[in-house]
Amino acid sequence: MAREFQRGHKAKISDLTAGTDLYVGVQIAAPGLTFDISCFGLDANEQLSDDRYFIFFNQPKSPEESIQLLGAQSGDTESFRVTLDRIPAAIQKLSFTATLDGAGQMSQIGPGYIRIVAGGEEVVRYAFTGSEFTTERAVMLGDFYLKDVWRFAAVGQGFDGGLEALLKNFGGEVAEEEPPPAAAPGFAPPAQAAAPPAFGAPPAPQPAPAFGAPSAPRAPQPAPSFGAPAAPTPPPAPQQPMHAAPTIAAPLAPQPPAAPQAPSPYGQPQQPQFGQVPGQGVPPAAPFGQQAPSPYGQQPPGVPQGVPQGVPATGAGLRAALQPYKETATGQRWTPQNQQLMRVDLTMGGAGVLARQGSMVMYQGKVDFGYKGAGFVGRAVGNATGQEMQLMRCTGRGQVFLAEEGSHLHPIELQGDGICVSAENVLAFDESLQYEVRRVEGHGIPGGALFTMLFQGTGTVVVKTHGTPVVLPVTPTTFADCNAVVAWSAASQVIVSSQVRLRRNAYPGHSGETVNLQFRGAPGNFIVVQPYEV
Amino acid sequence: MNQQLAGFAPTPVTARMENHGRTMLKVAMASGQDLYARTGSMVAYEGFIQYEPNPPAARQIASQWITGEGAPVMKCSGDGLLYLADYGADVVVINLDNDSISVNGTNLLAFDAHLTWGVEKVKGLAKFAGQGLWNVVVQGTGWVAITSRGTPIVVDCGRGEDETYVDPDALVAWSPNLKVKGKRSFKAGSLIGRGSGEAYQMAFSGQGIVVVQPSEDSTDRLRIRN
């Protein structure tokens, strides 16, 4: 449900959505006027200390691609993709601005808005109209800013000067305008919104004709670090899959790493969207501390390879090299340190934590680890799977770091609601939660039944998955493999459906019988599935 | 076909050691600048590079490394580009600037040959982790690459008077100036198979850092084959 913001409203992003991979859309229009919509990545002093974080039509993304300009789509004049957990620590604020290109003033604009969309669903919208402005020629629409956690503020503050005044305000410098080169090279296509699965652009109500050419009509200015590829590219169709896009990967001349939009192959941090958990507020995802892989450029053949002994970009020394992996403390009880490591601060909140045995990798302070009688849970699970699920109780004063086999960890904060988690996928949970074991029985399930733990109450459950999971809404036709399903909202009903002999001959030696779980429930329920069948 | 794969071509060399993706290390080799790498970690090379397994110099330094079979390092020399990896573990490149770091033997991938290094056995802990816990102390000014199963985390040890306790299987590296001791945290219950599962830890105290991986898999995959 989208929240409507007024000028001056602020909220934590984590209260708006659990996702950190956000789509920011801006609509602003006035008859006969054109607008430049840009995003300034500012440091703690609200200065544009790094030109590469001025995201505008001539520089459509930041170096590690945490901020990308996507172009017009879905009814938005301009849109951005912002991946909060990949923004470097130096950037403390993102300011989204609109400036008039040419004559005119802001009072002429019609109704417009800035909105945030996560997981295909609009979560917040700040609407404005021209009547709020007078003679301004630039307006700061909204800010993402880091104050302990990322927050969003609806600003709506006008500036009398245009883009130059705005740039000066942020301490930037205006590059001299140059006459456009004769053959304006087409940009490499900005990363299409459709590419990453977890990042849902809002459904486009109409084909956005202007999408593919966010920059074509404009003269490329001397952008600081964006090397325009030499090969002219036709503007891509919006639905063009990324693989089919002509990756400009073989330029003729060596050039700074341009923009080969390599599909992120190394599992870059992609905060999964547990978006539909009712009443849920996941602790903010701390920066995962991963450096984005450097862009894969090309090495022209035949270039002699010297051995530069230069200092890396991050600086010399042990501390500099390890800086990206530093512990992050946010003052919350549960803090993800990176995709695979969870830190729980036992000094916050009274009760202890129950964790899977052996999942502690490190702790600081005075923490006791005790045997937790598995009781019915352990025995029931153990009988079926042949391996008892054993828990340990962590109590005391200090911080415990939990991880297991490099699995991805996801904290799910329950606020009075319930969730069923497959017993194998539980890593840890607050002792304050009530839990019970449920059996899902069915012919053909390995071990005779699937054991799940139902958690209810207020607290956090940490779920582990192999790989990046998918969160599906429960529809009348939602099925999941019982080996791959991780969790589902407690209100949905599970039915075992055997699709008998559907593909009898598909696999020789296989009975052809597949057991699936079917889920039924009211809208708002969801299931979580991992890309790994245990 | 080439278009999609071209994105994975190597970037121009800018430093002696660089990450190619998260899990591969690219080393720019030149004659006179030798490298020690884990035996079996080479996945590709380009140019003229020679490998000398169990070099005499290393044999002497690491004479006791794991049951005396010899150090699992090879000396690489020559000109070209060398690619190293350890079964998909994350690679972290460190440019030592007159620093020193103590790395768990299985987590060390490569280091410059001109660095000072030595093998140590952590006293009193060898019996804790299955095969014995060996670590390599590297110091000087140069490049070191370490591996981690999953994205590692770095914790400042010198925070407050509390010690930092680490599961030995998850430990990757630490500052050599830290005080290390073993800690047995099991209670009577664990003797009859009811332990918390966390029976042994290493306790660190002092000023320095500890690097930990999010996995308790300390299997030395590069050694399995021999």
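These questions and answers walk through a predicted model.

Me: How many helices and strands does chain A have?
Reply: Chain A holds 534 residues, and buried ones make up 45% of them. Its secondary structure counts 4 helices and 27 strands.

Me: What share of the contacts in chain A with a separation of 6 or more comes from residues 24 or more positions apart?
Reply: One example of a distant pair is Gly457(A) and Asp417(A), which are 40 residues apart in sequence and 6.2 Å apart in space, C-alpha to C-alpha. For chain A, residues 24 or more positions apart account for 75% of those contacts.

Me: Which element of chain A has the lowest mean pLDDT?
Reply: Chain A averages a pLDDT of 70, with 64% of the residues at 70 or higher. Residues 384-388 of chain A fall below 50. Strand β19 (residues 426-430) of chain A has the highest mean among the elements, 90, and the lowest, 49, belongs to helix α4 (residues 375-385) of chain A.

Me: Over residues 176-305 of chain A, how many contacts beyond four places in sequence does the model have?
Reply: The pLDDT stays under 50 across residues 176-305 of chain A. Contacts beyond four places in sequence are still present in the model there, and they number 278.

Me: Which are the edge strands of the open sheet of 6 strands in chain A?
Reply: The strand order is β2-β12-β11-β8-β4-β5 in chain A, with antiparallel pairing. An edge strand here pairs on one side only. That singles out β2 (10-12) and β5 (54-55) of chain A.

Me: Which residue in β5(A) stands opposite Phe40(A)?
Reply: Strand β4 (residues 34-42) of chain A runs antiparallel to β5(A), and 2 bridges join them. Across this pairing, Phe40(A) faces Phe54(A).

Me: How many bridges join β11(A) to β12(A)?
Reply: Strand β11 (residues 138-147) of chain A is mostly covered, with 7 of its 10 residues buried. On one side, β8 (residues 93-101) of chain A pairs with β11(A) in the antiparallel sense over 7 bridges, and Phe96(A) stands opposite Gly142(A) there. With β12 (residues 149-159) of chain A, β11(A) also runs antiparallel, and the bridges number 9.

Me: Which residue in the turn between β11(A) and β12(A) has a positive phi?
Reply: β11(A) and β12(A) form a hairpin with 1 residue between them. Lys147(A) stands opposite Val149(A) in β12(A). The turn residue, with a phi of about 65 degrees, is Asp148(A).

Me: How many residues lie between β13(A) and β14(A) in their hairpin?
Reply: Strand β13 (residues 334-338) of chain A has 5 of its 5 residues buried. It pairs antiparallel with strand β14 (residues 341-345) of chain A over 4 bridges, and Pro336(A) stands opposite Met342(A). The residues between the two strands of this hairpin number 2.

Me: Which residues have the most contacts inside the largest nonpolar core?
Reply: The largest nonpolar core has 111 residues. Apart from it lies another core, of 55 residues, including Cys39(A) and Val82(A). In the largest one, the residues with the most contacts are Leu402(A), Val461(A) and Val212(B).

Me: Which residues of chain A does Val212(B) touch?
Reply: Residues up to four places away in sequence are not counted. On its own chain, Val212(B) touches residues including Pro152(B), Ile153(B) and Leu171(B). On chain A, the residues touched are Val361(A), Met362(A) and Phe401(A).

Me: Why does Gly457(A) count as partly exposed?
Reply: Gly457(A) sits in strand β21 (residues 449-465) of chain A. Beyond four places in sequence, its contacts are Leu414(A), Ser432(A), Leu433(A) and Gln434(A). Buried needs 20 or more C-beta neighbours within 10 Å, and exposed means 12 or fewer. Gly457(A) is partly exposed because its count inside 10 Å is 15.

Me: Is Gly331(A) buried or exposed?
Reply: Gly331(A) lies in the loop between α3 (318-322) and β13 of chain A. Its C-alpha is 8.1 Å from that of Met348(A), 17 residues away in sequence. The cut-off for exposed is 12 or fewer C-beta neighbours within 10 Å. Gly331(A) has 10 inside that radius, so Gly331(A) counts as exposed.

Me: How many C-beta neighbours inside 10 Å does Gly32(A) have?
Reply: Gly32(A) belongs to the loop between β3 (21-27) and β4 of chain A. Its C-alpha is separated by 9.9 Å from that of Gly102(A), 70 residues apart along the chain. Gly32(A) counts as exposed because its C-beta neighbours inside 10 Å number 8.

Technical notes:
Residues are numbered from 1 along each chain as its sequence is written. Chains are lettered from A and ligands numbered from 1 in the order in which they are written. This is a predicted model: local features need pLDDT of at least 70, side-chain atom pairs count only at pLDDT 80 or more; totals for chains, interfaces and linings use all residues. Two strands pair if DSSP finds at least two bridges between them. Two residues are in contact if their C-beta atoms, placed from the backbone, lie within 7 Å. A nonpolar core is a set of buried Ala, Val, Leu, Ile, Met, Phe, Trp, Tyr and Cys residues joined through C-beta atoms within 7 Å. pLDDT is the predictor's confidence in each residue, from 0 to 100.
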